[in-house]
Amino acid sequence: MSTVRRPGRARAVGHRLRRMRDQSMKAPITHGEGMDAQAGPKENAVLECGWGRLAFAQTFTTAEALVETLRGEASEQRDIGFYIRDPHVVLAAAPQEVFLDPSHTYRLDLATYRARRQKGQSGYVVRRLCSEADAKAVNRIYRARGMVPVDPAFFWHQRDSRTLTFLVAEHDETGEIIGAVTGVDHARAFSDPENGSSLWCLAVDPRTALPGIGEALVRRLAELFQARGAAYMDLSVLHDNTQAIALYEKLGFARVPFFTLKRKNTINEKLFIGPPPEEELNPYARIIVDEARRRGIGVEVLDAEGGFFRLNWGGRSVICRESLSELTSAVAMSRCDDKAVTRRLMERAGVPVPRQLTASASEAERAAFLAECGSVVVKPARGEQGRGVVVGIETVDELDEAVEYAARVNPDVIIEECVAGDDLRVLVINDEVVAAALRKPPEITGDGAQTVRRLIERLSRRREAATGGESRIPLDEETARCVRANGYELDDALSRGETIRVRRTANLHTGGTLHDVTATLHPDIAASALKAARAIDIPVSGMDFIVQDPAGPDHVFIEANERPGLANHEPQPTAERFVDLLFPLSAARPD
């Protein structure tokens with residue numbers, strides 16, 4: 001009986017065998033005497049990447065040589081030993097100095113990868129990094145994602161490099177950089193005989209409403225290396241980064257058995273010492289604790305879920321709940337808590353305020369106030385994090401519904417004139433304006449296929465990941481009302497390229513984003529913020545205003561917050577100024 005040969009099946013088996021051979025834990029590259037020194041791979045290859053160095057472990061002849069290279073790591077940098085074949089051997093060479101990074105390595109086979117245009121990609125373009133302004137914008141995204149920033153001069157000097165490739169995603173309308181990725185060409189880096197490549201530092205701006213940016217950056221880099229003839233593109237990703245892993249597997253990446261080694265330093269500390277007691281604190285408490293530890297101030301976590309901790313230094317002890325400390329009196333806190341009281345204090349201090357009415361007024365008075373203002377805001381007299389606040393009420397029926405909604409948070413409800421403009425948060429610490437940021441409501445951009453609900457869920461996950469779970473977009477009646485005001489229902493597909501706001505308020509806890517404007521804040525607004533803090537007699541506060549332009553003088557005070565989120569204002573030195581307030585003698589002195 002004759003055997004029928006199946007060419008397709010034979011090719012498939014051959015491909016699997018090649019994959020097993022190429023992706024196995026093979027021996028390191030050898031550097032024998034008979035090798036051509038010019039054509040052979042570079043020995044002990046190290047590549048400077050700006051955030052640190054990549055040490056290609058397969059080019060090192062001994063574990064000791066690799067460890068010695070990692071010992072040369074610069075301050076505030078993060079060196080990486082990649083393609084570790086025998087991690088147990090390298091760890092044994094310096095167990096107190098290096099550790100095995102808890103990351104997986106994934107590989108995209110560029111021989112079988114098929115480029116395709118990403119469905120629904122609109123609103124941005126992927127291009128090469130080409131200016132110092134691009135570099136600064138990338139660093140802003142890195143900081144927002146907790147990554148090591150890069151000297152902008154390094155980006156600029158490497159802009160024409162063929163070894164390092166820096167790609168950015170640029171917003172079509174604003175020109176703002178909203179994503180970045182770095183590629184390394186191994187053939188150019190160390191004459192890699194396997195002709196490989198790798199992807200590093202994929203980061204997307206957590207504030208952006210546009211979908212699919214990470215996928216677009218990865219695809220563009222893969223297509224670039226594929227066009228150069230690279231065999232594969234590798235990457236390293238933390239084992240618990242489920243969202244990133246899901247994206248890579250969707251694009252065809254497969255896990256391969258290579259390991260990553262790093263040096264024990266302050267940047268990597270949380271990866272090798274296990275979770276410290278403050279690990280369970282939210283980002284608003286943790287930023288203060290991190291600054292305190294940096295100064296040698298003792299930290300005792302009292303209630304991680306509530307954000308309570310005690311700081312001890314030099315015989316002084318202060319209990320805090322995030323940025324609310326024992327230095328804030330109960331009287332000051334009650335003044336912030338009651339919005340009607342706050343407003344009266346602002347009037348007396350000469351700070352501009354909007355017109356206001358209590359919801360206990362008669363129906364006729366409420367209707368007349370609405371007619372006079374045209375549009376109003378309804379909010380509970382007491383409350384925080386934007387709960388119960390409804391913006392943009394224009395009809396009596398909507399007003400009645402909003403009052404009922406706000407009353408679920410607090411029975412005392414305020415009706416306030418809706419002033420056109422953007423939300424501005426000004427942070428005042430110890431009678432000093434430390435930071436200012438525009439707060440913008442969450443927006444989504446359609447791709448013509450996904451529903452509004454799906455787009456909101458995706459944006460909410462991105463905001464949640466970027467804020468340690470503090471920011472989410474609730475799919476409640478207020479969100480549905482905002483969506484309907486734009487002519488859609490939650491389960492409708494949003495037209496491709498169309499952008500809509502899905503909340504009227506810009507509160508961070510309901511998905512809002514912050515945009516730093518500290519450097520351009522108008523002196524009149526800064527002066528009002530200081531007047532407000534003095535009137536309340538509070539050492540730390542977040543003063544909220546409505547402004548047309550933060551660089552202009554026009555502003556209206558909205559409310560004061562006794563527990564502002566310091567982590568929302570990076571890179572401004574909010575935690576530093578807060579700890580200065582608590583422990584003045586621990587502050588760095590000028591030379």
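## Where H12 meets H17

In this predicted model, H12 and H17 cross in a right-handed way. The contact draws on Thr342, Leu345, Met346 and Ala349 from H12, and on Lys531, Ala532, Ala535 and Ile536 from H17. Sort those residues by character and you get six nonpolar, one polar and one charged.

As for the geometry, H12 covers residues 339-349 and H17 covers residues 523-536, and the two pack at an angle of about 120 degrees with their axes 9 Å apart. That angle makes H12 oblique to H17.

## H10 and its two sets of neighbours

H10, residues 283-294, also packs against a helix: H18, residues 574-582, at an angle of about 65 degrees and with the axes 9 Å apart. H10 and H18 are therefore roughly perpendicular to each other, and this crossing is right-handed. On the H10 side, the residues involved are Ile287, Ile288, Glu291 and Ala292; on the H18 side, they are Thr574, Ala575, Glu576, Phe578 and Val579. By character, the residues of this contact come out as six nonpolar, one polar and two charged.

H10 has strands to deal with too. The helix lies across E13 and E14 (308-313), and runs at about 15 degrees to E14.

## The four-stranded sheet beside H10

E13 and E14 belong to an open sheet of four strands, ordered E13-E14-E15-E16 and paired antiparallel. Which strands stand at the edges? They are E13 (298-303) and E16 (324-325); each has a single partner strand, so one side of each has no neighbour in the sheet.

Down at the E16 end, E15 (residues 316-321) pairs with E16 in the antiparallel sense, over two bridges. If you want a spot to look at there, Cys320 sits opposite Ser325 of E16.

## The five-stranded mixed sheet

Another open sheet has five strands, in the order E1-E2-E3-E12-E4, and here the pairing is mixed. E1 (46-48) and E4 (98-100) are the edge strands, each pairing on one side only. On average, neighbouring strands in this sheet are turned by 25 degrees against each other, if you ignore direction.

E3 is a good strand for seeing what "mixed" looks like. With E2 (residues 53-56), E3 pairs in the parallel sense over three bridges, and Leu54 stands opposite Ile80 of E3. With E12 (residues 259-263), E3 (residues 80-84) runs antiparallel, and three bridges join the two; here Gly81 faces Leu261 of E12. Is E3 enclosed or open to the outside? Five of its five residues are buried, so E3 is largely enclosed by the rest of the structure.

## E7, E8 and E9

Now for a run of antiparallel pairings. E7 and E8 are joined by seven bridges and run antiparallel, with Val168 partnered by Ala180 in E8. The hairpin made by E7 and E8 has five residues between the strands, and one of its residues, Gly175, takes a positive phi near 75 degrees.

E8 also runs antiparallel to E9 (residues 196-204), this time with six bridges. In that pairing, Asp185 has Ser197 of E9 as its bridge partner. How many residues of E8 (residues 177-185) are buried? Nine of the nine, so E8 is largely enclosed by the rest of the structure.

## Thr163, a buried loop residue

Thr163 sits in the loop between H5 (152-157) and E7 (164-171). Is Thr163 buried or exposed? Thr163 has 17% relative accessibility, so it counts as buried, the cut-off being under 20%.

What does Thr163 touch, leaving aside its neighbours within four places in sequence? The contacts are Leu47, Gly183, Val184, Asp185, Arg188 and Ala189. Two of the elements described above come back here: Asp185 is the residue bridged to Ser197 in E9, and E1, an edge strand of the five-stranded sheet, spans 46-48.

Definitions and conventions
Residues are numbered from 1 along each chain as its sequence is written. This is a predicted model: local features need pLDDT of at least 70, side-chain atom pairs count only at pLDDT 80 or more; totals for chains, interfaces and linings use all residues. Side-chain values use heavy atoms; hydrogens and water are left out. Axes are lines fitted to C-alpha atoms, for helices over the stretch in contact, and angles run from 0 to 180 degrees between N-to-C directions. Angles under 35 degrees count as roughly parallel, over 145 as roughly antiparallel, 65 to 115 as roughly perpendicular and the rest as oblique. A crossing is left-handed if the near helix is turned anticlockwise from the far one by less than a right angle, and right-handed if clockwise. Contact means heavy atoms within 4.5 Å. Ala, Val, Leu, Ile, Met, Phe, Trp, Tyr, Cys and Pro count as nonpolar, Asp, Glu, Lys and Arg as charged, and the others, Gly among them, as polar. Two strands pair if DSSP finds at least two bridges between them. Buried means under 20% relative accessible area, exposed over 50%, partly exposed in between (1.4 Å probe, protein chains only).
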